[in-house]
Amino acid sequence: MNNREYNIVLRNNTGNKPKQDLIESFVVRKITFESILTDIRGIKKPKNHLVIGQRGSGKTILLHRLKYAIEDDLKMQTNTIPIMFSEEQYNLMEVVNLWESIAEHLEDYLEFKDLSQQISDIEITKNHENDAYITLEKALIAKDKKIIVFIENIDAFFKKIGKIGQERLFEVLDKNNSITIVCSSTTYFDGISKSTEPFYGFFKITELAGLSIEESINLLNKLAEQKKQTQQIEIIIEKNPERLESLRRLTGGNPRIISYLFQIFLDNENGKAISDLYILLDDLTFLYKAELDQLSAQQQKIIDAIAKNWDAISTKELSQKTNIDSKNISAILNNLEKNQIIESIQTKTKNNLYRLKDRFLNIWYLMRFGKKREKENIIWLVRFFDAWFDKNELLMRIDSHITNLKSGKYNEIAALDMGNVFLACENVSNEVKYNLYQTTKSLLSGKLTKQLMVSDDLLDESIRKLVKQQEWDQAIEVLKEIKSKEKQLALAGWVHLNKGNVQKSVEILEELYAIKPVGELATLLAEISKILNLLDKTIFYYEESIKYKIWDSYYKLGNLYANQIDNLIEAEKNYQFAINHNIEEATIPLAEIFYKTNRLEESENLISSAIKQGQKNIKNKLAKIFIKQNKIAEAISMYKEAVEDGDKTALVNLGKLYLSKENPDIEEAKKVLLEAISNGEKSAYQPIAQIYLKEENPDEAIKRLEEGIDLKDAESAHLLAHIYHLRSEWKITEQLFLKSISWGRLSSLVCLANAIIYSKRKERKNFILDQFEKNYIKIQRKPVLFIAYARILLWDNQFDKSLKILKNVSERLTIILKSSASEERKEDIIDELTIYFMVLMSKNQLKIAFELFLDNETNYKQILKPVYYSLMNLMKNEYPNEYLKAGNELKETVQEINKTIEKYKTIYK
């Protein structure tokens, strides 16, 4: 017998083996065998057993081994007769056929001579089956015998006899002590699974799982012994036990498939796993092809989709892949499952998943019909390796693979396939995959390397690692290998952004946005544009992201208009849109706009609503609204509520409120502020120090401010800087102002500049200019500070740069001054502009000042009318009539401005 014939016999004709051969080859399922045998040796009534297992799991050999054990048992053979029915039960169509067949088997024993004839002679009436059973039962009782009936595929028999027949058979088996059934089935079926069925809960069920590694070794040892190749299998077990485990996992521990694979692995112990499997797949072709050819065209189409997916697949996915209606697919799946070609996997929902039951059939199908050199073709082997090995074992395999590759003796196709398998394994890190990819590229021919399945995700991680290492050129080179244009552009934008080439990043991402406009990308472009201070682009891309329902972009636009562009009208509109789309973050800034624009009732309503919804940390804001409404008692009460909620800043605000009352409550303020200090609130040190200064206790004030500075309180540093400035202690003054700036009080920058300018310390001019440059990005968002910087540049005679800065901010100034911004904010801007123009005029830059006043867009002439007429007074030779236009109410103000300009000539010299 050749190898193929040997394997086919081994797989499909277990029951035909001679008794002694079968007993000797029975080396697995021994625990199950002993358990069932013990039960059927029962003294009174043996238990009825059902063995469930997929094809090839060992049901037939187990049932035959049990039959032979009963025959050889000295105690049981005296009164127990085992009867084995063949797997093909074509004659068993009704219950009566079972009694007839049992009688035929019993005639092999002398004491039951003519029993079959007795049953045949029974007159066929409606009681025919019962009469046949009574005849059989009487014979067994008369001879004091019991029978154990072995029936394979009991589900098929149950289906034939129907529910009425099952009810009758159950009635007999439940009461009769002479007949016991030991049967098998490939799956759980309705007859035993449904509570409404007669045999529900009747059988003691044993489910045959996959073999353990120990059982697999026992099986292989026995097979090797039969083939007289024990030495070879012993070497494999000793040196390569992982191959046996791989074999077990590949087959699911199915004894029949293990037996079939055994000869392949044994004969190829020095070969590569993939080469072994290719040989086996060729050998299986005629068997599997014959099985699939019996299916209908639609069944084959569905099998194709299931097999190529490898992993379990849903009905919906199958419908999409096959273009077959879901209802039709369900019917086809049910049929395929009943025929044991597929199996269903239960899920938490009503929708099951499906896969080929015979996993090796699936492997064969993929290798024959999957797309060559693509993941679909080797997905089974990828899953196989991921299941077989842990990360360390895979690393060893990859190292061995690379060594073989470098040896030059590796079959290139096998090397390519194995390389692709490792590249697709989940248990291999992307770093290892990338090294494998680079090595394989360098060793295989160029044509083959194009078929390497390096994923974009792998290249993505490699690029990110290179970026982390600042290997910019190499990262950009790897970018070229990304297959997806969209992913390539996205990564390129990210690489250049990290490299610091922000402008290049924007250009790349804008190209990507043109190809695939999505909300997340629009948001990213908006954020980058904001960093570059490209306000028009920032607005554009935030508005684009809103088209994709990224509603928090309304909130970000609101912040942009409120903080950078100072357009409260647009800010309010966007905040309101954000709130309408449930972006709660917009509530407070919108309330603050209402507060700034004296729409106090609207502000109060928003804040109150937010507090009711659980935002207790904003009670301070509501208290400030009450203060502005002159509801002092309500403000005090609200601050106290905030304190009870654990808000430490509320104590400070309460202290300041006591100080700001028409009749300041100094003692209460002190008490509250000292309590805040004891609670660790650093913002309390500055107001408590102000109290001590008013009480002419500077030492205590300085002590408290120094304590605040120890806690990095910007306000404490700011106030103490002013104290030392009055004392002309310049070094300490500068240090304190710098601390205040670094801790977040940017306005201290102006105070520092003014302290240096008014003390005529020209040697510190470059120092203060450097400070403005260091904080340039931050002050851009503060128009008053931006104008102050332009003024400092005038001091240094940098007129062009100063004018450029002023022009950059002029549009925003116009928006603010025309908006509903607070009067206090507008006055701060006008005051700083007034000083700027006066310094410009003190520098005798009258023509430049005049040109600025001619700018109709900003309309400085209207905003700074007294300054304009002061300029005209200085330029009355060129414009003799213009200064005369000033009304009498402005003359005194003009004179004061002229005096200040004269003073500035000395200060800003």
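This passage walks through the cores, a pocket and some individual residues of a predicted model.

Residues are numbered from 1 along each chain as its sequence is written, and side-chain values use heavy atoms, with hydrogens and water left out. As the model is predicted, local features need pLDDT of at least 70 and side-chain atom pairs count only at pLDDT 80 or more, while totals for chains, interfaces and linings use all residues.

The nonpolar cores come first. A nonpolar core here is a set of buried Ala, Val, Leu, Ile, Met, Phe, Trp, Tyr and Cys residues joined through side-chain atoms within 4.5 Å; buried means under 20% relative accessible area, exposed over 50%, and partly exposed in between (1.4 Å probe, protein chains only). The largest nonpolar core holds 176 residues, and the members that touch the most others are Ile 463, Tyr 836, Phe 837, Tyr 860 and Leu 871. Helix α45 supplies the largest share of this core, 10 residues; helices (H or I, at least four residues) and strands (E, at least two) are DSSP runs numbered from the N terminus. Separate from this is a second core of 40 residues, with Val 95, Ala 132, Ile 154 and Val 172 among them. In soluble globular proteins, nonpolar side chains tend to be buried together.

Back in the largest core, what does Phe 837 touch, not counting residues up to four places away in sequence? The list runs to Ala 849, Leu 852, Phe 853, Tyr 860, Leu 864 and Val 867, where contact means heavy atoms within 4.5 Å. Just before Tyr 860 comes a loop residue, Asn 859, in the stretch between α48 (846-853) and α49 (860-863). Phi of Asn 859 is positive, near 60°, in a residue other than glycine, and Asn 859 is partly exposed at 36% relative accessible area. A similar note goes for Asp 114, which sits in the loop between α5 (95-106) and α6 (115-120): phi is near 75°, again positive in a residue other than glycine, and the relative accessible area is 44%, so Asp 114 counts as partly exposed. Most residues other than glycine have a negative phi.

Next, the second largest pocket. About 1,100 Å³ of space lies in this pocket, the volume being the space filled by probe spheres set on grid points that are joined across faces, edges and corners. On a 1 Å grid over the protein atoms alone, a cavity is a set of points where a 1.4 Å probe fits but cannot get out, whereas a pocket is an open set with protein on both sides within 12 Å along at least five of seven lines; lining residues have an atom within 4 Å of a point. There are 31 lining residues, of which Lys 596, Lys 782, Glu 824, Arg 825 and Asp 828 are closest to the centre. Two or more lining residues come from each of α30 (552-564), α32 (587-596), α34 (619-628), α36 (648-660), α45 (783-795) and α47 (823-842), and α47 gives the most, five. By type, the lining divides into nine nonpolar, eight polar and 14 charged residues (Ala, Val, Leu, Ile, Met, Phe, Trp, Tyr, Cys and Pro count as nonpolar, Asp, Glu, Lys and Arg as charged, and the others, Gly among them, as polar).

Two buried hydroxyl-bearing residues were also looked at. Ser 603, in helix α33 (residues 600-612), is buried at 1% relative accessible area. Its side chain reaches the backbone oxygen of Ala 591 at 2.7 Å, a polar contact being a pair of N or O atoms within 3.5 Å; within protein, one must be able to donate a hydrogen and the other to accept it, and residues adjacent in sequence count only if both atoms are side-chain atoms. Beyond four places in sequence, Ser 603 touches Ala 591, Phe 594, Tyr 595 and Ile 625. Thr 733, in helix α41 (residues 730-742), is buried at 2%, and a polar atom of its side chain lies 2.7 Å from the backbone oxygen of Glu 729. Leaving aside neighbours within four places in sequence, Thr 733 is in contact with Ala 721, Tyr 724 and His 725. Helix α41 is also one of the elements against which the buried residues of α43 pack, along with α42 (748-758), α44 (776-779) and α45.

Last comes Leu 140, in helix α7 (residues 128-142), which counts as buried at 0% relative accessibility. Leu 140 touches Leu 106, Phe 112, Lys 145, Ile 147, Ser 178 and Ile 179, not counting residues up to four places away in sequence.
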